[in-house]
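This report describes a ligand site and the pocket that surrounds it. The sequence and the structure are shown first.

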Amino acid sequence: MSAAPVSVIGLGVMGSALADAMLAAGHPTTVWNRTASKSDELVTRGAHRAGTVAAALAASRVVVVCVLDNSVAHQLLDEAAGEVAGRTIVNLTNGTPAQARHLAAWVGEHGGEYLDGGIMATPPMIGGPDAYVLYSGQASALERVRPVLERFGGVNHVGEDPGLAALYDLALLSGMYGMLAGWFQSFAMVTSEGVAAGEFATLLGPWLQAMATYLTPIAEEVDAKSDLPDDAPLPAHIAALANIATAGAAQGVRADLLAPLRELFERAAAAGKVSLAGLVDVLHAGATAGRTAHA
Ligand SMILES: NC(=O)c1ccc[n+]([C@@H]2O[C@H](COP(=O)([O-])OP(=O)(O)OC[C@H]3O[C@@H](n4cnc5c(N)ncnc54)[C@H](OP(=O)(O)O)[C@@H]3O)[C@@H](O)[C@H]2O)c1
């Protein structure tokens, strides 16, 4: 059976990698990008360049969208609203759960099927063994286009609610950015005394790996809504975070990156919490607006 035609809207670094994976797998590939010159290389390799978004949609039943954000994605789809019927729009643009639900409803109203996706890979990883994409939306729609989606990497369907892939994606990114904040603070502190970051990384890496073993036990406590004392009490964490701020100031290193974390620990302690799992409760408080039954 020949490979299904696919259109790719958006040829930034990620969209180009997605289009490249389509071409490499032999899919007749139509591309559109605001800056048309970014499609030159793909066209040389066999892609068809669409003059408009509507022409890109008209060319294929499967349409992959990967642009800066969902307001751009929606604006582009709006320009081609008359071509949405009968198509599966696979939106791999990073966005929020509410945006995904809104786009899913809009595509449905225009007679199309909608899958939202969160790409858990960098462009060079696309099509490789470590890449995977989170998808949400109707399972039946996903199964129809699975052979296309598998070209990008693993297919991880997280639920029929179209907002769930964005929720998972942003939660995974939260973990990554929290980790990066720690890296930056560590490197700034040691390099302020002339210690090479590369040398220090040989200590930081194993330390973080050892700490990561607490991930599952703490997650289980969060699920059990338990708040039992941990190996290190909250006041000890608060004192350490205060010391990071004081030492940072003395070293000429900004320590405000971790200030909100210290504030969270202090609020948790003031609320009578005794565990790291209890901090999640404090984060929930006061942030219920916009949550759905899935939150
Ligand atoms: N790069 C990654 O590692 C990575 C990983 C996972 C997910 N993602 C997600 O993939 C999406 C694209 O990211 P990227 O890395 O490819 O970024 P990028 O290289 O900056 O590409 C942005 C794309 O959006 C288009 N665009 C921006 N504003 C536009 C507008 N007003 N009208 C029409 N098109 C517009 C750009 O068109 P022009 O070329 O004309 O500027 C370009 O095609 C983002 O949602 C990002 O979060 C990226």
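Helices (at least four residues) and strands (at least two) are taken from DSSP runs and numbered from the N terminus. In these terms, β6 gives the most to the lining of the second largest pocket, with four residues. The model is a predicted one.

**The pocket**

The second largest pocket has a volume of about 580 Å³. Its lining comprises 27 residues, and those closest to the pocket centre are Gly10, Gly12, Cys66, Val67 and Leu68. Besides β6 (113-120), the elements α1 (13-24), α4 (70-79) and α7 (164-191) each contribute at least two residues to this lining. By class, the lining consists of 14 nonpolar, ten polar and three charged residues.

**The ligand**

The ligand takes up the space of the second largest pocket. There are 20 residues around the ligand, of which Met14, Asn33, Thr35, Lys38 and Asn94 come nearest. Whereas β6 gives the most to the pocket lining, α1 gives the most to the shell around the ligand, with three residues. This shell is made up of ten nonpolar, eight polar and two charged residues.

Polar backbone atoms of Val13, Leu68 and Asn94 each lie at a short listed distance from an oxygen atom of the ligand, as tabulated below.

| Residue (polar backbone atom) | Distance to a ligand oxygen atom |
|---|---|
| Val13 | 2.9 Å |
| Leu68 | 3.0 Å |
| Asn94 | 2.8 Å |

Taken alone, the ligand exposes 890 Å², and the protein buries 74% of that area. Two of the tabulated residues also appear in the lists above: Leu68 is among the residues closest to the pocket centre, and Asn94 is among those that come nearest to the ligand.

Conventions
Residues numbered from 1 in each chain as written. Predicted model: local features only at pLDDT ≥ 70, side-chain atom pairs only at ≥ 80, totals over all residues. Heavy atoms only, no water. 1 Å grid on protein atoms, 1.4 Å probe; cavity = no way out; pocket = protein on both sides within 12 Å on 5 of 7 lines; lining within 4 Å. Points joined across faces, edges and corners; volume = space filled by probe spheres on them. Nonpolar A, V, L, I, M, F, W, Y, C, P; charged D, E, K, R; others polar. Near = heavy atom within 4 Å. Polar contact = N/O pair within 3.5 Å; in protein donor to acceptor, adjacent residues only side chain to side chain. Areas by Shrake-Rupley, 256 points an atom, 1.4 Å probe, with all protein chains shown as cover. Sits in = over half its atoms within 2 Å of the grid points.
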